[in-house]
Amino acid sequence: MQISISSFARHVRRALALTLAFLGLVLVMTMSLPVEAMAGQVTVTGDNATDYQAYQVFNADVVTPQGQKDAVASNISWANDAAQAAVESASGQSFSTAQEAADWLTQNLSDGNDVDYALAKALVVEGQKDSIKPVALTAGKASELSDGYWLIVSDDSKLGESQAGTAPVFLLVGSGTQSVAPKSAVPTVQKHVQENSTGQWQKAADATVGDDVLWRLEATVPAGLQGYGTYKVWFEDTLSAGLDSSEVSSSARVYVKAGIGSDWVYSTGEKDTAGWQDVTSQCVITPDGQSFEVRSPDLVALLGADVLARQGAQVCVIYNAPLNQRCNHGAAQGNPNTVHLEYPKSPLHGDERSKTPDDKATAYTWDVLLTKRSTLGDAVLSGAVLDVVDPQGRHLRQDGSWGSGASTVTTDERGRVSLSGVDSGTYLVSEAKAPEGYERFDGTRQLVLTVSGLDVAQVASARPTIQVSAQSPLRADSVEQSTSLVQASVLNTPETPGQPGTPTTPTSTSGSSPKMGDNARLALALVPAVLGAVLVVVAVRARRRED
């Protein structure tokens, strides 16, 4: 079939017309759809807060000119009336256009300055009255924000333990991706107890019941703290039932030092040492039974906002809380002392508090059972008079207490002397009087209690164990693992036979032996034996005669 040139041309013109008509229809339909603003991807990084909020201040057209690094905004307009009110409140002036306001903010906003925080408070705190609806952001997850200027802060209502509000970030968002890492400063707290034998501050220590036990609370406020008009910390301390809280208020001392990383190595009474200031008079200490609170002075007023922001600070509380008669003995539980720190939640909500996790330290005490025994059969001996001296030079009294004056103790009917609730260390034992019929040992002997496992990073990993060693005639017997009870013996040798009153066998409260000197009874007991022997001799001789 042949097609003429004129006919082919008509077909082409018709197809072109249909195509143009279709394109026109598509254009009309596209123009009738709503226009969506350009958007960019924003990711919040950092490990402090989890939830954030983004508040839009300005709408804008944002492009990055070819060959340039920074984006440029044009056609700036207010995001809403509340945003305009917030900017004018923060700046203290009115603006004829949104562009004028944006230019002013560009010149006056900087990382963490007063204008930055004033704008954030106007948007986040005061702006809520005007129903500004923020966009929720989650740390580590990219979120889409429309082109324009945005303010990003932590969602303070969702802050948890060991989290704090962040410094505000003012951000220009356009097409493409970017990330921001809002700054924050979260304080920490640690608790230690002083080991009296070394003076070292540890997570665990041991002591004698009733002796001073010094505890240390130390808060560290890191550098980078911004936006707070005032900044205080509150120590919330709880003592277990085995610790005496009666001396806390009178003994507590509070010290402050600019900067972080300094170890406190002094006991109470030290002032202005190595940069530490005694600020006890500026603090409030509130006891409540077995708990108490210590409120620090305002660190901004004390050290200055710039120093606090650049160096951070440490706050140290030292107080005395001895072990009491209700304390746990042995390694199974110990006597824990717990603290957490409360601190301003956020620079935007400084009247609310966040808190740290609990931190602990623990005090232990031990029991020793000293038994007087004979070297013959380990029979227990009552009535021995002993002088027992503890590592601090105090003498054991009969009631179980310790005193600086000379005193002795007497073994009971089971031969025992109890050392209850005592510290580890070297105990000196001498004998003032031996039981009747036994030789007294001369001089003093050492009974040594050694504890390991106290110097640990955390109380949870503390597994203290106690060992005992002794100088003869003292003897280390055992340590009961379940109770940590230490058992030891003091051995006595019977006097030399032949001396007046010397027994041939040991006297013991757990058994008996024949009494000496009862001649009549002894003679009667020998008569049958003598007669029997005589009859045997007579019988033997009679038989010989018969043979």
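**Exercise 1. Find the residue that stands opposite V193, then place its strand in the sheet.**

Step 1. In this predicted model, V193 has W215 of β12 standing opposite.

Step 2. Look at the strands around this pair. Strand β9 covers residues 188-195 and strand β12 covers residues 214-221. The two run antiparallel and are joined by 6 bridges.

Step 3. Widen the view to the sheet. It is open and built from 6 strands, in the order β10-β9-β12-β18-β14-β15, with antiparallel pairing.

Step 4. Read off the ends of that order. β10 (200-202) and β15 (277-278) are at the edges; each has a single partner strand, so one side of each is left without a neighbour in the sheet.

**Exercise 2. Decide whether G275 and K345 are buried, partly exposed or exposed, and list what they touch.**

Step 1. Locate G275: this residue is in the loop between β14 (253-258) and β15.

Step 2. Apply the cut-offs. Buried means under 20% relative accessible area and exposed means over 50%. G275 has 48% relative accessibility, so G275 counts as partly exposed.

Step 3. List the contacts of G275. Apart from neighbours within four places in sequence, G275 is in contact with V256 and K257. As a distance, the C-alpha atoms of G275 and S262 are 9.6 Å apart, while the two residues are 13 residues apart along the chain.

Step 4. Repeat for K345, which is in the loop between β19 (335-344) and β20 (353-355). Its relative accessibility is 12%, so K345 counts as buried.

Step 5. List the contacts of K345, again leaving aside neighbours within four places in sequence. They are D156, L159, A164, G165, Y228, E352, R353 and S354.

**Exercise 3. Determine how much of α4 is buried and name what covers it.**

Step 1. Count the buried residues. In α4, 8 of the 11 residues are buried, which makes the helix mostly covered.

Step 2. Name them: V115, D116, Y117, L119, A120, A122, L123 and V124.

Step 3. Identify the cover. It includes the strands β2 (51-63), β6 (148-154) and β7 (169-173), together with the helices α2 (81-91) and α3 (98-108).

**Exercise 4. Describe the largest pocket and the largest cavity.**

Step 1. Start with the pocket. The largest pocket holds about 250 Å³ of space. Its lining has 14 residues, and those nearest its centre are L225, Q226, G227, Y228 and A305.

Step 2. Trace the helices in this lining. α4 (114-124) and α7 (305-311) each supply at least two residues, and α7 gives the most, with 4 residues.

Step 3. Sort the pocket lining by class: 8 residues are nonpolar, 4 are polar and 2 are charged.

Step 4. Turn to the cavity. There is 1 cavity of 30 Å³ or more, and the largest cavity has about 60 Å³ of space.

Step 5. Sort the cavity lining by class: 6 nonpolar, 5 polar and 1 charged. Among the lining residues are Y117, K183, L225, Q226 and Y228.

**Exercise 5. Judge which parts of the chain the predictor is least sure of.**

Step 1. Take the chain as a whole. The mean pLDDT is 84, and 81% of the residues reach 70 or more.

Step 2. Find stretches with a pLDDT below 50. Residues 19-37 form one of them, with 1 contact beyond near neighbours in sequence. Residues 499-547 are also below 50, and this stretch has 17 contacts beyond near neighbours in sequence.

How values were computed. Residues are numbered from 1 along each chain as its sequence is written. This is a predicted model: local features need pLDDT of at least 70, side-chain atom pairs count only at pLDDT 80 or more; totals for chains, interfaces and linings use all residues. Side-chain values use heavy atoms; hydrogens and water are left out. Two strands pair if DSSP finds at least two bridges between them. On a 1 Å grid over the protein atoms alone, a cavity is a set of points where a 1.4 Å probe fits but cannot get out, and a pocket is an open set with protein on both sides within 12 Å along at least five of seven lines; lining residues have an atom within 4 Å of a point. Grid points are joined across faces, edges and corners, and a volume is the space filled by probe spheres set on the points. Ala, Val, Leu, Ile, Met, Phe, Trp, Tyr, Cys and Pro count as nonpolar, Asp, Glu, Lys and Arg as charged, and the others, Gly among them, as polar. Buried means under 20% relative accessible area, exposed over 50%, partly exposed in between (1.4 Å probe, protein chains only). Contact means heavy atoms within 4.5 Å. pLDDT is the predictor's confidence in each residue, from 0 to 100.
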